[in-house]
Structures are given as C-alpha cells and as structure tokens.
Amino acid sequence: MQDSPTPPSIVSQPQPESSALLLQDENLWYKDAVMYQLHVRTFCDSNADGIGDFRGLTSKLDYLQELGINAIWVLPFYPSPLRDDGYDIADYTSVHPSYGTLQDFKDFLAAAHNRRIRVITEMVVNHTSDQHPWFQEARSSRENPKRDWYVWSDTDNRYQGVRIIFVDTEMSNWSWDPISKSYYWHRFFNHQPDLNYDNPAVREAMWKVMKFWLDIGVDGFRLDAVPYLIERDGTSCENLPETHEIIRDFRKRIDLAYPGKMLLAEANQWPADVRSYFGNGDEFHMAFHFPLMPRMFMAVKLEDRKPIIEILEQTPQIPENCQWCIFLRNHDELTLEMVTDIERDYMYDEYAVDKAMRINLGIRRRLAPMMENDRRRVELLTGMLLSMPGTPIIYYGDEIGMGDNVYLGDRNGVRTPMQWNGGWNAGFSAADPERLYSPLISNPVYGYQAINVDSQRRSAHSLLSWTKSVIQTRNAFRVFSRGSIEFLNPSNHRVLAYVRRLGEEKVLIVNNLSSSAQAVELNLQMYKRHIPIEMFGRNLFPRIGDLPYLLTLGPYQFYWFRLRRI
Amino acid sequence: MAEESFLADDFIRQLMSVGEVDLLVGIPSYNNASTIAQALHSVEESLRQNFVRERAVILNVDGGSGDETRQVFEQTSERREAGHKGLTSLRTIHRISCMYDRSPSQGVALRSVVAAADLLRARACAVISPATTNLTPSWIANLLRPVYREGLDFVAPLYVRSRFQGLLARDLLYPMSRAVFGQRIRELYSDEWGFSGRLASQCLEQDVWREEAVRTRPEAWMGILAGSTGLKCGQYFLGPKTVSPSATGPDIVDAIRQTVGNFFWCMETNQPYWMSRSNSPSVSTFGPEHELSADGIPPSQEKMFELFRSGVNELEPILASILTPDTHAQIKAIALSDRAKFRFAAELWVKTLYEFAASYHRAVLNRDHLVQALVPLYRGRVYSFLLEHANSSAEAMEAQSEILCQEFERQKPYLLERWTAKS
C-alpha cells in the first residue's frame, strides 16, 4: 500500500522542441533524472534545534523544483548513534528523532511527488550499527538466534589479505567483542558489524525493510557498500558471485511487487568490475561511475582530455535498461581508490596540498574550493557532468559554490549547513549558533554572507542562475539522458569534444579544458551540411562544410550545439 | 615582400594543437623505418617513467625518406603498460611530424626542432638519432633532466668508446674546442644532445641556417653558441653507443669536411669570444662514475701511412699555401721517415691545425678544399697514434689525451698570432 502518490512522469512536463519523444517506458525514469543529493540534517531546520529536519526540507522543495532537479537522494535519516553520519543504522524502519517523525517523512515524500520530484533513500545493507538490536542480541550469547546474523570468528586470522577500507582508523577487519568473547567482521568502522548474508533470515529481514519504505512510496534505494555482502576464504571478499545472487533476488522481488522502483549500487570499483552489478539488466538499475569523477578533475588540472577518454574507453556497455550515475562531489571524500599511484600523487599535490584536506585515500573538499572559486572551471565541470552519458548527481550547495571546512574532522567539512541567506545562521536555523550540529562556513570567500541562495537568486548571472539554466537545457533534450556518445579526436588534446546522439537528435559538446584560449579543428564530416545552433544563446554558427570545423574557445569555455539539418 | 616561412602550414597546425609544452624530443630521420619505432618507444617510455606530469611532445622531422619512416612514426601505437587497467601516462604524449623537401640535413631538421621548441615554449629539449640502436629511456631522461631540473642550456652526451673509436674527436675536435672555446665538452659532435628552450630561441634568431657548416653539423654550432653567450653547458655520461648497421656514417673525407669545416666556421663566426678566452674550466658532468675508454681492436693501418705520404706529396702546393714554411718542412720531413719509426708529434699536430684554422680565416684558398687538404695529415696523425698506442691501456691513452689538450692550450697564443697575422 502506498502512502504517497507516484509522481507524474517527468516527461509529461511541457517539453520544448525535439524532446517531443515520449517516454516509452515510464519505469526508466531514473535515466532522465537530474539528481540532488542532500542530508536532511544539513538542509533546513524547522524547529530551531540546530539540526535540519524533514519539515525544513519540505519547506525548501520549491527551491529544488526551481533548480530543475527531478530526483532527490536523501542520505541516511534513521535512528543511529551517528558515529558515521547515519551509515551506522540502529533502526531501519524509523526516522531519527532529530529529523522528525515518520509522518514528517511521508509528508515530505508526498510534497516532493506533487512537485514531480522522486525520492530515493539510503539502504545500508552491508552492516548495521553495533547499537542495532540485531547486533545487541547477536553478541549477547553464542546461542542467541540472532547470533548467526553477523560474521563471527574465534580468531582474527580468517579472510587474511582482505583490504582495509578505512586505513586511517582501522587496523583490521576483525574486532574483538568482549561480551561474547569472539571476533566480529566489519569492512568499515569497528562499530559497524557486517551482516551475514549467508543467513537467509538476514535477507528476509532486509527485504522487509525495503518493503516497508517502498510501501510508503519511496522511488528507489541507493544500496551502500554492495560489493562486501558475502565473505569467502581465499578471496578478496568483494564482488563475489553469491553477492550477485542476493542482488538478483532483491531485484526480482522489486520488479514483481514494485515496478518502476530503482536500485542504485554503490560499488567503488573499476568499471569492468562494476559492470557485473548490472547483470543482464536484472541486478541494479544504476551504479556510480567512480573512476570517472577524479579523472574529470584531473583532466582540467592537466589540461588534457586523456584521463577522461581513457576511462570511458574502458567502460563496458551496459544493458539497455541500465544507466551510470555520475557525479563531481558527494558527502564522502573525493575517492582516489580507482586511480593509479601516479594519478593519486598528482591529485593530492594539485588539489590537497594541505594534509588536512586528505582523508583515507581521498580528498575531503567541495567543488568550488577545489576549483579555487573559479566560476569558469566550476561551470566547465558542471557542464561536462550534465552532458556526459549517465544520470548526474548534484551535491547540495555545489549549485551555489559552497565552501568547505577541512578542519572539522572526518568528512564533516563538506557536510556543513546549507547557506540560504546572509542572515542568522545563514537562514538554516533559528537556533543559537552554538546549537548548530556543525559550524557554518564563515570565511570571507565562501562564508554564508558571501555565498548564499538568496543573494544568488537576485542575480541572473549568479552560479545558481547559471546552474538552473544548464539543468533546464539538459532536461529539455532527451539526447543527454538517453543518447549515445561518440568522442571526436581533434589533434588539440586540450579540447574534449563529443557528439551525443538519439535518433535524429544530435548535440555537439566542445570543452576547453585549458586555462588559455584554444583553437580546435573538428572532423564533422558525418554532419556535413548541418547547422550548429548554440544551445544557451540559440545562435546559429556557420554551416558544417567540407573542411574541418574550426572553433576557438576562451579559457575553460565550452559549447553545446544542436546539430540541425535544415 | 614578406619572407616565406620555412614551416609548412600543416606543421603549424600540428603545433597549434599541441600547445605549450615542458619537454620536446626531436627525432630527425632519413630512411630509418626499421629503427624509428624502437626509438619512439624509448622516448615515450622515458617520458612516462621520468616526466610523469610534464607536457611533452615528440617531433619527427623527416628528410624525405623513401622507406615510409614518417608513416611508421605516425602509426606506431603507444605501448600500454600491463597491470594498470590499461591506463598509460597521466597526460597525452603528443606526437607530431613534418617533412622537408630538400636533401637530408641535420641543420634543416634542427631548424624545425628549434622552431617548434620556440613556438611551443618548451623548457627542455633533446634530439636523438633513430639510428642509435641501444637508445634507452634513461638516455633521453639524462639529456633532458639537467636542462629541465638543473637549469643547464646545453647537454652533450658522454659515451664509452673503445680505445680506437672516435679518434677524430679524441685527437682533434675535443682538444681543439677545449683550447679555442674554453669548453671541456668531449662530444661536441654527436647525434644526441639536450638543450633549453632559451637556447632554441636564440638559435632560431641566428641568420646562419643556410650555412653549410650549420646544415651539416648544427649540434656543435649550438653548443659553441651556448658557451659563447654565457649559457650553462654540461655533459651526461650515457654509456656505450651502438648504431644500426644500415646507418653508414660519412667516410673520413666527409667527416672532416663536416666537423673540422664546421669547427673552423664556428671559430670564424665567434672570434671576439674565443680570442679573449684563456682558460677552459670544467663543465658540469652528470651520471655515474665512468671510464670513457674501453678495450678495442685498432683499425686497419694498411695504406694509412701511404695515403699520408702521397697526400703530402700531391698536395704540396696547397699545403704550402696553408702552412708556414717551417711547419710544412717538418711535415714533409716526417713523410720521408721510416714507416716503423714514424711519429707525428703532438706539438707539430697542434701547430698544423692552428695554421689550417688561420688559413681558413684568411681564406687563402677555397675553404672546402682547404679543409679537405687536412685529410692526409689526419691520416698520418692517426697512423702515428696507433703505432704509439697499440699496446697502451685505456688509462694511459686518457692520460695522453690530457697531455694533448694541454698542448693545444699551451699553443693557443700561436693560434692568435697566426690568426691575426697579415699573411
């Protein structure tokens, strides 16, 4: 039973010009989404307790609708000791009291759906908090029925050689439980014991959790840390066949009972390894393309398209009903696991000179500070994100160029309160500043007095206004979300150019990755006689003829052209 | 009317696409289809290993090869390293090529290389020969690194040579350039060297590119120009060098015409500089501790003495116009000496060369003919050298080389005297 109405198809919105193609299968909505990622805690506080909540978030849905996004990915909001920002869940079927009530969540969901915005939530399936009743029972005695819901061992020698993910804090994947006097397995923090998916009861319990939220009306789940569900001796305990069986089982149940709901995989792996999580279109609908993200930053710093081309050349085809999820920044560190050592060193040296900016194998910074507050570079990267194949995710605050605070510990520096205006607590909360869950960004460059939604709403040339316009353009052309991509190979490697194509719809994207003006000659013989129409200003450019098409681009400039044969 | 550019439009287009670079490696070629791919791989490997973050371009300048050298260069695919998920270097290693339609010439090729370096604002450059078959990635790095990291402007190679290899350099070019220009660079004439973008720009501005000396051996001119304009020079020990059997070097006549002719021309064009030099400080030398000479088999001495003797006879009027009577008489005297006891002493050798240089300066006859007249005398000197050192150790020969260098330096006032003499 659904508490919230299913949102109208996003393509039922008035569509300009060539986006007249009707969606054949509404269940593929996630392919056309522009997603906005937020934590309810960070967004808006309605009850002046210093912590964002669902009522506050609901009050800001008009802003999100105005921005043009059509899906929200909400980070964990469940009861939790909050030792890992909510990824340590103590109760899967409730809402953390700081964020409101279950009814508040339902109200938020209905309000989002009324605005044609879908909502996906976090499903941390790999582990629970050590405060979860399941674990409390499991550790209470070796004979407890829940004992086998987690992975136990009398020694810490099992699964030797399996990598430790949080290298900065964990010495081992095993931790000693003094209560039951044995070791328990955890791939992340030691307070996050891994569930034992070899136990069918665990699978059923997790399905019940999913069903609970699907019945309420959520549109999908982002499944956290999926490669680690199963452990086997002599393996890396990652990406095992049994893990895929579990995913297929969940997917089958969803397709049967909840068609149109979506599963998104968090699998920080190389594209070829992630490919298996799409299965034959019968596992995940979407998966993050982790290796692409650092390479977009790398390409801009190197002023060379090579890193992007190289990783996309390695990216395998995925089933027709699947889609990559792409992003620039998120709530975690900018992960550098899927890069070579040389690339990682380069990224550190160029983007995280201050050691405080580094955590684990990554960089804990936001988009704007990484781009040294250079609008041109922020726009270039956002433009690439929105024009590449895949569903783009925008991290809250990046649309206004929010800054970070790398001295807050863990990844908290990129999880500071949303900056709504230049007034009291940035408009985030009416509480005393001391009560805020996190200090505001208050430095002269990125502080809320300088960077906030209200001030940017007042300017047609602000980053926020620009972001709205570029999202609107993307949403207007299905070719961005569904089209193929063909990279052009101009001899100028500072220019990244590609053609997106869907039926007769063709869009040419040309990005100057360099800090200096560039000339580029494009081989567009396939599009001879077409007229390039610049998509933001709608100006006509010279018709494509027999000669290579010459374009000049200013520093970090990019063009989106519709190619029309008239 | 504007002067026509020597750079083809297509080449300019390629340069435009590359944009600014940190490093440039030039590969002049002529019928090197069988070896250029290996050279290219070595360069790419060197850039990947040693200059991970630098912007780099590899430039092939081809002299109109008939064996598709240029096509091989363009079509040889980049080697991918295993174990990195198919990832290669951090950056694109650009590869561009151009061809000139005149006869093959190192100078013409180098002009394109320095023009590219200037236009692309390269900081460090190297030129390598595709005929060198043992070119390793470390060679290229060793030529580039002193320029890129240490701020040098010219880096010559140092090779391990067998005792009897490179006698022209050992017995003439090195000691003479050391004495005249004050540069202790042993391999001023080589097929591999490194240089700075600054030196490239300076070279490009010189109106010398049509000179035969620059067309044939531009590297020595470049090194001398660097030294004479106060730029920092050095050398890097690269080890032994082998060349493709198909790459036949010039015979001794052409070798002397090219190198000695070039050297005399450099003296002519850099007079104010070298005439005021009175010492030869050592230059920065990089690389591991090394022996420059290794054991080897002496070349055939057959006919060498006869060619010396007949040359002295046949060229008597020409030698008379080049040499002072006293020197000429001494040479004629040793030409008559017993073959087994023949000696062309260092003192006479140095004096002879200085008188040749002075006569070149005064253009007492056609300069090309003048330089060719040195060939039989050089043969005599080599014959003497081989007699003297047939059983010498590498160390002893090195010591002898140093004595010869000192003799060149000791007699430099004589050079100045002859150079400035009225006739």
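In the predicted model, strand β8 of chain A, spanning residues 262-265, directs its side chains to two opposite faces: A:M262 and A:L264 point one way, whereas A:L263 and A:A265 point the other way. Residues from both sets are buried, with A:M262, A:L263, A:L264 and A:A265 all falling in this class.

The partners of β8(A) were examined next. Strand β7 of chain A, formed by residues 220-224, pairs with β8(A) in the parallel sense, and the pairing comprises 4 bridges. Within β8(A), A:A265 is the residue that stands opposite A:L223. Strand β9 of chain A, residues 286-288, also pairs with β8(A) in the parallel sense, here over 2 bridges. In that pairing A:L264 is placed opposite A:M286 of β9(A). Thus A:A265, which points one way from β8(A) together with A:L263, stands opposite A:L223, while A:L264, which points the other way together with A:M262, stands opposite A:M286. Helix α7 of chain A, residues 241-257, joins β7(A) and β8(A) in a β-α-β unit, and this unit is right-handed.

Chain A also contains an open sheet of 3 strands, arranged in the order β4-β6-β5, in which the pairing is antiparallel. Its edge strands are β4(A), residues 152-153, and β5(A), residues 174-177, each of which pairs on one side only. Strand β6(A), residues 182-185, is joined to β4(A) by 2 bridges in the antiparallel sense. Across this pairing, A:W152 is found opposite A:Y184 of β6(A). In general, the strands of a sheet pair through backbone hydrogen bonds, in either a parallel or an antiparallel arrangement.

Chain B is divided into two domains, with domain 1 covering residues 9-294 and domain 2 covering residues 304-420. The centres of these domains, taken over C-alpha atoms, are separated by 30 Å. Their contact draws on 24 residues from domain 1 of chain B and 23 residues from domain 2 of chain B. On the domain 1 side of chain B, two or more residues are given by each of α6 (167-181), α10 (252-269) and β9 (293-294) of chain B. Of the elements on this side, α10(B) gives the most, with 9 residues. The composition of the domain 1 side that touches domain 2 of chain B, by class, is 14 nonpolar, 3 polar and 7 charged residues.

Technical notes
Residues numbered from 1 in each chain as written. Chains lettered and ligands numbered in written order. Predicted model: local features only at pLDDT ≥ 70, side-chain atom pairs only at ≥ 80, totals over all residues. Pairing = 2+ DSSP bridges. Domains from an automatic or database assignment. Contact = placed C-beta atoms within 7 Å. Nonpolar A, V, L, I, M, F, W, Y, C, P; charged D, E, K, R; others polar. Buried ≥ 20, exposed ≤ 12 C-beta atoms within 10 Å, placed from the backbone. Right-handed = clockwise from strand over helix to strand, strands pointing away.
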